[in-house]
Amino acid sequence: MTVLGAGIGGLAAAIACKLRGYSVEVIEQAPALTEVGAGLQIAPNGGRVLDALGVRLAAPESEAIHIIDGLSNRSVIRMPLGPGFRLVHRADLIAALGDRAQALGIAVRLDRCVRTIAQDGRTLHFADGSIHRVRRLIGADGVRGAARAFVAPDHAATFTGQVAWRAIVPVTDWPREAQVHMGPGRHLVCYPLRDGRSLNLVAVEERAAWVADGWSQRDDPDVLREAFSGFAHGVRDLLDRVETVHLWGLMDHGLTPRWTRGTCTLIGDAAHPTLPFLAQGANLALEDAYTLARNLPEPSAWEALRRPRVARALSAAQANATRYHLSGGQRSVALSGLRLLGRVAPRLPLRGYGWLYDADVTGEPS
Ligand SMILES: Cc1cc2nc3c(=O)[nH]c(=O)nc-3n(C[C@H](O)[C@H](O)[C@H](O)COP(=O)(O)OP(=O)(O)OC[C@H]3O[C@@H](n4cnc5c(N)ncnc54)[C@H](O)[C@@H]3O)c2cc1C
């Protein structure tokens, strides 16, 4: 078994396959197992996969999701979370997966960039001109990877009309919660990482057009500050601390028509890139990895069982985008309704996501 990509999905798939007795190798373009400095929220559904794979991850639990009116800095609703929601530094998650892979003796071949996959699905052509033959391939090389280009070559994405910035800023004594500061046409999500001395920021703004590709493009922090200049001092103070910021356009990829071609099966972002408004991309990649390993060598059956859950998560993420950016009368009504709910039943809104967070794919037959 060859896994292409040593990201979250690829390493998890390699571990899951190895635990089921497959001989596994992982091919990764980066020269080292590392990740850019950014955060991730791992929900109980993804955490259960990590536990089942024996991956030990030290990361603080998140206590709540706190919606705040970005214009006034007033609390709207603080929704307490049950156990199992973790605030994770990406580098820590990759390191934990890498350690587990190493302990299981999985070969991770670094600095090997696959340029194309031949029509037979079994021949990998590397950027340095070399060739590698595989028997079965799990494509976990992300949205711009060679595996997705092989399995779904004509699947185009459309710009959602939103761009996002990510940054990390220093803080002290930040509450262990994910805050969503909402404003008309834009919002900012922030949560603390590691020992609480750094805050992960993702800021989203609606825009008419976008041309650049990828999510590693640097931007001027003043552009971000200007976009949120109408927000209250709490957010403006955070943005004043930003020194380095990355910007990318949010694309709607829809549900890729197929995830398997011949002996190559896609998982994670390669199969179904998701918008970040539900914080589930990595969690879904973990679920994919575990369930695919259990269903090999019948990936088509796995795909048929897996699609409805992934489709539901993708549309739930899309729905959040609209809710966060309301303006005018709709906004006032929504904020008043949420404030009332916050006083009488603050846990209620998250109960609607039981289908997502409470699922234990490690215990189900598919
Ligand atoms: C700002 C932001 C915040 C997010 N927050 C959350 C969150 O809170 N919770 C959550 O669950 N998800 C979140 N996500 C989504 C999550 O990051 C992704 O869904 C997840 O990383 C997908 O993992 P993956 O393994 O499928 O792909 P990737 O993480 O993209 O990994 C792909 C790997 O393949 C390698 N690769 C690519 N091309 C090649 C090639 N040609 N040859 C060899 N190797 C190759 C790459 O180097 C990389 O290591 C967020 C995303 C963003 C952008």
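Count up the salt bridges in this predicted model and you get 16 of them. Let's walk through a few.

Start with Arg109 and Glu25, whose closest N and O atoms sit 2.8 Å apart. Arg109 belongs to strand 7 (residues 107-109) and Glu25 to strand 2 (residues 25-27), so this salt bridge ties together parts that are 84 residues apart in sequence. The two ends also have their own surroundings: Glu25 is buried, with 10% relative accessibility, while Arg109 comes out at 39% and counts as partly exposed. Since buried means under 20% and exposed means over 50%, you can see where each of those labels comes from.

Now hop along the chain to Asp195, which pairs with Arg197; here the closest N and O atoms are 3.5 Å apart. Both partners are out in the open on the accessibility scale: Asp195 is exposed at 58% relative accessible area, and Arg197 is exposed at 59%.

Next up is Glu205, which forms a salt bridge with Arg207, and the closest N and O atoms in this pair are 3.2 Å apart. Glu205 is buried, its relative accessible area being 12%, whereas Arg207 is partly exposed at 29%. Elsewhere, salt bridges go beyond simple pairs: Glu287, Asp288, Arg306 and Arg309 are joined into one network by salt bridges that share partners.

Terms used
Residues numbered from 1 in each chain as written. Predicted model: local features only at pLDDT ≥ 70, side-chain atom pairs only at ≥ 80, totals over all residues. Heavy atoms only, no water. Salt bridge = Lys/Arg side-chain N within 4 Å of Asp/Glu carboxyl O. Helix = DSSP H or I, 4+ residues; strand = E, 2+ residues; numbered from the N terminus. Buried < 20%, exposed > 50% of the residue type's maximum accessible area, 1.4 Å probe, protein only.
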